[in-house]
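Welcome, and thanks for taking a look at this one with us. Here is a short briefing to keep beside the viewer as you turn the structure around.

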Amino acid sequence: MTAADAMFLALAATAVIGAAGVAFSRHILYSALSLMVALFGVAGLFVTLSADFVAGVQVLIYVGGVLVITLFAVMLTQGIQNVEVSNRAVGSVAAGLLTAGLFVVLLRAMSSAQWVKPPADVPTQTSTYGIGNALLGQYVLPFEVASLVLLAVLVGAVVLTRKETAE
Amino acid sequence: MQAIRWIVLLPLIGAAINLTLGSRIQRSAGRAAVAVFGSGMALASFAIAVTGFMRLRTLEPESRLLVDTVLPWLHVGTLDISIAFQLDPLSAVMALVVSGVGSLIHIYSYGYMDEDPALWRFFGLLNLFLFAMLTLVLGDNILVMFVGWEGVGLCSWALIGFWYKDHANTAAANKAFLFNRIGDFAFLCGMMLLFWTLSGLGHATLVFRELGAVAPLLEGQLLWGVPVVTLVTLALFIGATGKSAQIPLYVWLPDAMAGPTPVSALIHAATMVTAGVYMVSRLHCLFSMAPVTLDVIAVTGAATALMAATIALTQNDIKKVLAYSTVSQLGYMFVALGCGAYAAGVFHLVTHAFFKACLFLGAGSVIHACHHEQDMRRMGGLRTKMPLTFWTFLISTMAIAGLPPLAGFFSKDEILWKAFQREPLLWGVGLVTAGLTAFYMFRQVFLVFFGESRAGASVEAHADHSAAGAHDDHHGHHAHEVHESAAAITLPLVLLAIGALTAGWLGIPSALGGSNLFTEWLAPVFAAGGEHHAEAHEGLELEYALMAVSVLVALGGITLAYLVYLRKSLSADTFSRIARGVPYRLSFNKYYVDEIYYGTVLAGTLALSRALGWFDKVVIDGVVNGAAASVRAVAFLGGGIDKFVVDGLVNFTAHVFDSAGGALRLVQTGNINAYVYVLLIGVTAVLMAGAW
Amino acid sequence: MEYLLTSMTFLPLLGALVVLALPRDNATLVRWTSLVATVPSLLLGLWLFENFDRSVGTMQFVERYSWIPAFNVQYIMGVDGLSVSMLLLTVLLSPLCVLASFGIEKGVKGYFALFLLLETGMLGVFAALDFFLFFIFWELMLLPMYFLIGIWGGPRREYAAIKFFLYTLIGSVLMLVAMLALYFANTPHTFDMLVLMERAPTYARGFQAWAWIALFIGFAIKIPAFPFHTWLPDAHVEAPTAISVILAGVLLKMGTYGILRVCYPIFPLATQQYAFWALAALGCWNIVYGALCAMAQKDMKSLVAYSSISHMGYVMLGMATLTPQGMNGAVLQMFNHGTVTAMLFLLVGVIYDRAHHRNIDGFGGLASVMPVYTGFVTIAFFAALGLPGLSAFISEVLVLLGTWQYSQPLAITAASAVVLTAGYMLWMLQRVWLGPVNEKYVALPDLSWREIVTLAPLAVIVIVLGVYPHAVLDLFGPTLVALGDTVSSAAPVVAQAALR
Amino acid sequence: MSMTTVGLAHYLVVSVVLLCLGLYCVLTRRNAIGVLMGIELILNSAGINFVAVSRYGSAGFDGQVFAVFIIMLAAAESAIGLAVVLGIYRRMRAIDTSRLTTLQG
């Protein structure tokens, strides 16, 4: 087992354990913290896939932004200390069976698929450069649309949470 | 010489042990163990000081300087300070007085505090005080002196508030510390200015023995257009007014009498309050260069002496009288310093230490015997019941009144003589003060020890006069219990009284055929500062005449006191009604200085503090919270949550029942999880179909 | 000792993981494990204290590894005198705080795990020499602090926690902006502080100016300097005792540490330009303002909090002077304030544990009920008001001496605070510990052994450093001389004519 | 591709595990915020897929670009999602999805 393998295993384990924490924790705060662990794990996986930029974005936006917002939402809707009250998990047996079924189906689908052989040696290249080119070249239209979406989100978030004076 | 450090360290060890383990020692080994240990440390320190003194005497007068460097303390940039002690004629005198009188008072305390459960704390603090005071006098540089300077403030605070359960005592303690702190602040500023000026001249030092040599370099240095040396000495003098209770910072000392009487004797009469005098003498090389400061010192000293003496005339509390008398005598010493007669000032310091300590301890003996009664209007007739106390008290009173051949006569006359040479007006003020001193001190003697016992006499809270003898009743329930105090109390009294009788003989002026040993002893110290040795060029006749006048004035004061308080041929009322009683009320109410300070400085500071506290909470935090609130208003929590909660719950309940209705709507549950289930089942099914 | 700093920093984190693995219901085990987890770092810290070469001002024990090569982010750790003193303070206070937290009953595991995580964050901040790493640790420290206040705090904990979080977040954002600007201003791009310092003379004046201000505000929030200070009283009042101790003892120092570590060597020109107003004058104002506000407080903890603001003013003032006395005094004051204020908060915590309130006017005469406690209180209070012979006096007098050479009016103003400080300290002492005994509290028990063990080491340090300050002063002397020279030699000093 | 070298399949397995855990979370959680966290997991698993396939596939950057878009959308989704949750909370004083059935026709 090479160092890269060990790294992958560690990161994958981090991601999976974190995700399990999100799914099984009784305490919403623990869920949130586990989510952070999972997100870090995924970011690490991105690094092993030589996608540095994506990893960086993952950490900055997910951990820095999404998670903080989530935590705030938890705090603002629950109060910090009574959060465990309303993180019920309902129908875990049914859900477990269903997801397990899906898991089996997907694995089977994966193993039966015809994958393209990977190129022998992938040249490592700074991903930021390539992504930047792609975003402003080939994908410039989606990129612009994305900015519109974000604007809409901005406005939407404000509208949704605005203090309603009319009522 | 390594031994010097032990003069300082032994009391510290005593303090450390008594303050940490004292209560256990007292419980297991008894009260005497604590007292013996504490007193032993003080006595040992005294013994070492005596050996040091002897050692000094064997040296040539010019080379009488022993230095003991303990530890390098602070070495940053040009600042290089060691913890070091020096013994020279001046500090040796001070160390002997401090440890000597201190030891006596330790012994006295064992008798005086015989009922107090916290004896260990008392002895621990007394030892700590000795440590701080000895650091002050033995320190070889200004910063080490400052350690002692503030250290005695701490001990003073702890001992004034020794009986801390009484709110008034702790208030007095805080007052003392704060007024001292104001002085310390000025002291600190003076020290910094001195250091940087010298540093700028390439001689960064705060060591006393080096200051004499570099001080002349300060000539001509200006800051803000004023000679630096004047600013430095003025700042240091303000520090001295705090510690030595001079105008304008004297008000804490009378209140400090709230502490146990041995404390008043040791700290607030004999030693700590003289620290300012010592400091000025120690730094005479600077003060001599600043004539303006010397003038300020002389005037302040004279004004304080007079003002405190006038206040002392009308006080009824036995200790308050002595307190104001102390302030007044300290004023005397500053007059001497202001005239450049440092040796005379220190001489009066020494004699004053003896007779004032004796007076306080005598007062303590009286108070102790009278079961902590301090009002002189409820005393009287103790002469026969407490003969030893009476005689020692009388000797000390005569000494402070300046009757020859007691100690006070020589030291006071030397000051008056120097003052006359400098400025006859100062002498005039000093003379008046001397007369007043004789009057109020004998008033005290007559009220306390003569006449009939007035124990239990009802005294109006705002009694306008002290002639309480008029309504004298004999059912004083304390009277029959009053008896002479124990040996632990009387022994120090006797020893101090002997001192009060004889200490003056050390400095008999040449005019009276003496050799003025004291001045000669200190001469090597003050020689460098250029003390005026204006020897007798105005003639011996004048000196004799002045002596005679001052003795006459003192006798006049005594006679007046006798007429008013013993013969009662003059009524005190006639004096208190002069000018519609305005002078009397001013004196009785201490010129309302406390009230003025309270109304201006203290109230102002508190008001400013409250205003800033409000500003901080309302304005600054308000801005922050306001910003946060506006963000929140946009982002999250509207103010109307509560309203919607109620409405929401009502709606919610209504909907629950409503939705229970339609059967068709069962599929459309509105439950998100249900939707996800359906979705997921569909997806899995499709994938299955594809995979297999 | 190749991995000294790394092991020192991450051992508490390891401890945190162990704590998390312990059974939830065995609180005693969790407590003792946490205590043990702080000890290795303490021992390493003491070893560092012994073996640190005091004669030079350069970085020692440097560890350098490539971390994220794509962005030239490195993992660099190293210490000079400045960081050693702060690391020492942190490892000293941490075990004491764990000990002081033994009374925590709610969510014990989470509390101690977060606390240990916090310790790693703090140590990392003081040891990191790569700006990116520094920033990571800086943020790492923020998160546990938020929860420690927000979950285990007093009644208004959520308000205090969010306020703390938002304030610090704003500071972090400003710091991030300046950090990135600095990163891109250098070619090749780097976060290596040592390289950034070397290139200091190449930065344009305008860039230095705004980056300095952004960093300064970021750090000033932590100090906290007026007018960014209002999070502090709230956070202190609501935080549990041990967290107050850490907050005042270590976290506040990060502000001034950051200024000395980042602003001074990297932006010497801007430092010269702004030191007078932003550090000296503001510091002086902090001293007086904090003291006056403290006098008006009714809650013991908020009084101590305001006194912290006042005392941290000395640090700002001292470091602004660039004189050896001033700078040594400032860093010594950081250390001394850490120990003295830690004592003060622990002492307030003791009474809060017993009486469940901290209202200054609600007590009285505790001295006769709890004599040992009062003994410690007296030492701490007199140390705080700068009594000679105790540690804080040395640092204050050094700062004042340094300031006098720099600007006499500022020195006089700052020195006048000795009276104010004595005023509020003694007033509180009088109202709470002296006077007639309050009947409600006649039965309060005196200090337990655990409490004595937390307080005694601090008291010893306070006394020892008052007599022999060079035990700590020697650590950072050469470092600060070098730092002062860097700043003052950057360009001719701009005269601050009016107030000098 | 030997068993000891990490390849595409390994990443896909991780991705599937994350997807299933995310789905489980969405299915079982009654707390709307918990549901949102589950969705984040699902999105992450998709991100892993994209990047992994991109790495072992045509070696272009398309996959990474999509991953970036996913992260962007996730951020937008969580912002809006949490705003909705807060809005609901304000209205209903609850974010328990089993009680939020006002969508029912």
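**Chain by chain, then closer in**

Of the 167 residues in chain A, 35% are buried. Please keep in mind that this is a predicted model. The points below go from chain A and its contact with chain D to chain C, and then to some details of chain B.

**Chain A**

- Chain A is built from six helices and has zero strands.
- Read from the N terminus, its elements follow the order α-α-α-α-α-α.
- Among the contacts in chain A with a separation of 6 or more, 56% join residues that are 24 or more positions apart.

**Where chain A touches chain D**

- The contact between these two chains involves 73 residues of chain A and 61 residues of chain D.
- On the chain A side, two or more residues each come from α1 (3-24), α2 (28-48), α3 (52-78), α4 (92-112), α5 (127-136) and α6 (140-161).
- The biggest share of that side belongs to α3(A), which gives 14 residues.
- By class, the chain A side of this contact consists of 55 nonpolar, 16 polar and two charged residues.

**Chain C**

- Chain C contains 19 helices and two strands.
- Its radius of gyration is 22 Å, and the globule rule gives 23 Å for 500 residues, so chain C is as compact as a globular protein of that length.
- If you line the view up with the principal axes, the C-alpha trace of chain C spans about 70 × 55 × 40 Å.
- Buried residues account for 64% of the 500 residues in chain C.
- Within chain C, 80% of the contacts with a separation of 6 or more are between residues 24 or more positions apart.

**Chain B: a helix enclosed by its surroundings**

- Helix α10 (residues 261-270) of chain B is largely enclosed by the rest of the structure, because ten of its ten residues are buried.
- Those buried residues are T261(B), P262(B), V263(B), S264(B), A265(B), L266(B), I267(B), H268(B), A269(B) and A270(B).
- Which helices do the buried residues of α10(B) pack against? They are α3 (89-112), α4 (119-138), α5 (142-160), α9 (252-255), α14 (318-338) and α15 (342-369) of chain B.

**Chain B: a helix pair**

- The axes of α17 (residues 387-401) and α19 (residues 424-449) of chain B come within 9 Å and cross at roughly 165 degrees.
- Angles over 145 degrees count as roughly antiparallel, and therefore α17(B) is roughly antiparallel to α19(B).
- The crossing in which α17(B) passes α19(B) is left-handed.
- From α17(B), the contact is made by F390(B), F393(B), L394(B), T397(B), I400(B) and A401(B).
- The partners on α19(B) are T437(B), A438(B), M441(B), F442(B), V445(B) and F449(B).
- An α-helix has 3.6 residues a turn, so residues three or four places apart point the same way.
- Sorted by class, this contact of α17(B) with α19(B) has ten nonpolar residues, two polar ones and no charged ones.

**Chain B: one serine to look at**

- You will find S23(B) in helix α1 (residues 3-29) of chain B.
- Is S23(B) buried or partly exposed? With 19 other C-beta atoms within 10 Å, S23(B) is partly exposed, because a residue counts as buried at 20 or more.
- S23(B) and Q86(B) are 63 residues apart along the chain, and their C-alpha atoms are separated by 35 Å.

Methods: Residues numbered from 1 in each chain as written. Chains lettered and ligands numbered in written order. Predicted model: local features only at pLDDT ≥ 70, side-chain atom pairs only at ≥ 80, totals over all residues. Contact = placed C-beta atoms within 7 Å. Helix = DSSP H or I, 4+ residues; strand = E, 2+ residues; numbered from the N terminus. Nonpolar A, V, L, I, M, F, W, Y, C, P; charged D, E, K, R; others polar. Axes fitted to C-alpha atoms, helices over the stretch in contact; angles between N-to-C directions. Parallel < 35°, antiparallel > 145°, perpendicular 65-115°, else oblique. Left-handed = near helix turned anticlockwise from the far one by under 90°. Rg over C-alpha atoms; globule rule 2.2 N^0.38 Å. Buried ≥ 20, exposed ≤ 12 C-beta atoms within 10 Å, placed from the backbone.
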